[in-house]
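Biologist: Please give me a close look at one part of this model, the pairing of charged side chains. Then set that part in the context of the rest of the chain.

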Amino acid sequence: MRCWLKFIPLLPLLASGCVTHKLWTESRLDAWNEPAPQPRLRLFRDAPQNNFLVVYDELAGRNDDLRPRAFFLNPDLSSPAQGSHPHFVNPNSARGLAPVPVFFSAPTNPPEFFCTATNDDGFTIFAVGQPPRSFALPVYDDGWGRIEKMAWTPVAVVADLTIIGGYLGCVWIYSGGPGLGR
């Protein structure tokens with residue numbers, strides 16, 4: 001038997017691993033959406049609901065498109081957890097709501113309600129007679145990566161089975177399996 005055939009059983013050790021496992025753990029199919037580098041934060045107050053409409057520009061991680069996003073924020077609650085997103089609404093929902101001034105530092109003569117934006121995609125809402133409340137703009141996975149992974153899983157499983165079958169076939173041939181006739 002040829003000398004190099006002795007090393008065939010070692011081929012799986014040189015392979016990069018399980019295709020299905022890599023698909024689900026090391027895949028680059030996930031895309032994160034985050035505030036644009038200059039999110040153009042706008043805030044509007046909905047006094048009857050005690051809410052604020054937060055409007056900003058978002059950078060879609062899948063295709064690097066900028067799009068306006070808006071969501072209602074109740075200042076008595078915390079901002080959405082990082083990794084998840086709030087219930088988005090139409091940015092035109094601002095019609096009829098009172099705009100809240102947005103500053104990059106606290107003004108010397110503050111209005112009743114105002115907001116300061118920070119460089120780290122956060123903002124703080126100030127209201128006369130209330131403690132300031134800080135919030136972060138959402139950063140979240142768009143969710144399409146999971147769907148794509150589910151679609152690619154059958155192909156990955158077939159690749160895994162092919163690798164395993166090839167390995168077992170090589171072992172069978174190397175061991176002089178039945179029917180090979182020595």
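**Salt bridges and their setting**

Modeller: Asp 57 counts as buried, because its relative accessibility is 9% and the limit for that class is under 20%. The model is a predicted one. Asp 57 takes part in a salt bridge with Arg 40, and the closest N and O atoms of the pair are 2.6 Å apart. Arg 40 sits in the loop that runs between strand E1 (32-35) and strand E2 (42-46), whereas Asp 57 belongs to strand E3 (residues 51-59), so the pair ties together parts of the chain that are 17 residues apart in sequence. Arg 40 itself counts as exposed, with a relative accessibility of 52%; the class begins over 50%. This bridge therefore has an exposed arginine at one end and a buried aspartate at the other.

In general, side chains of opposite charge can pair when their charged atoms come close. The structure holds three salt bridges, and Glu 58 enters through a bridge with Arg 67, where the closest N and O atoms are 2.8 Å apart. Glu 58 is buried, with a relative accessible area of 0%. Arg 67 is partly exposed, its relative accessible area being 31%.

Glu 58 also forms a salt bridge with Arg 69, with 3.2 Å between the closest N and O atoms. Here Glu 58 lies in strand E3 and Arg 69 in strand E4 (residues 66-73), so this pair ties together parts that are 11 residues apart in sequence. Arg 69 counts as buried, because its relative accessibility of 19% falls under the 20% limit. Through shared partners, the salt bridges join Glu 58, Arg 67 and Arg 69 into one network.

As for the rest of the chain, the secondary structure comes to three helices and 10 strands. Along the sequence the pattern is α-α-β-β-β-β-β-β-β-β-β-β-α. Buried residues make up 29% of the 182 residues. Among contacts between residues at least 6 apart in sequence, 53% join residues at least 24 apart.

Further along the chain, four strands form an open sheet with mixed pairing, in the order E6-E7-E8-E9. Strand E6 (102-103) and strand E9 (133-136) stand at its edges with a single partner strand each, so one side of each has no neighbour in the sheet. Within this sheet, strand E7 (residues 113-117) pairs with strand E8 (residues 122-127) in the antiparallel sense, over five bridges. Thr 116 has Thr 124 in E8 as its bridge partner.

The largest pocket has a volume of about 190 Å³. Its lining consists of 13 residues, and those nearest its centre are Gln 38, Pro 39, Phe 104, Ala 117 and Thr 118. By class, seven of the lining residues are nonpolar, four are polar and two are charged.

Definitions and conventions:
Residues are numbered from 1 along each chain as its sequence is written. This is a predicted model: local features need pLDDT of at least 70, side-chain atom pairs count only at pLDDT 80 or more; totals for chains, interfaces and linings use all residues. Side-chain values use heavy atoms; hydrogens and water are left out. A salt bridge is a side-chain nitrogen of Lys or Arg within 4 Å of a carboxyl oxygen of Asp or Glu. Helices (H or I, at least four residues) and strands (E, at least two) are DSSP runs, numbered from the N terminus. Buried means under 20% relative accessible area, exposed over 50%, partly exposed in between (1.4 Å probe, protein chains only). On a 1 Å grid over the protein atoms alone, a cavity is a set of points where a 1.4 Å probe fits but cannot get out, and a pocket is an open set with protein on both sides within 12 Å along at least five of seven lines; lining residues have an atom within 4 Å of a point. Grid points are joined across faces, edges and corners, and a volume is the space filled by probe spheres set on the points. Ala, Val, Leu, Ile, Met, Phe, Trp, Tyr, Cys and Pro count as nonpolar, Asp, Glu, Lys and Arg as charged, and the others, Gly among them, as polar. Two strands pair if DSSP finds at least two bridges between them. Contact means heavy atoms within 4.5 Å.
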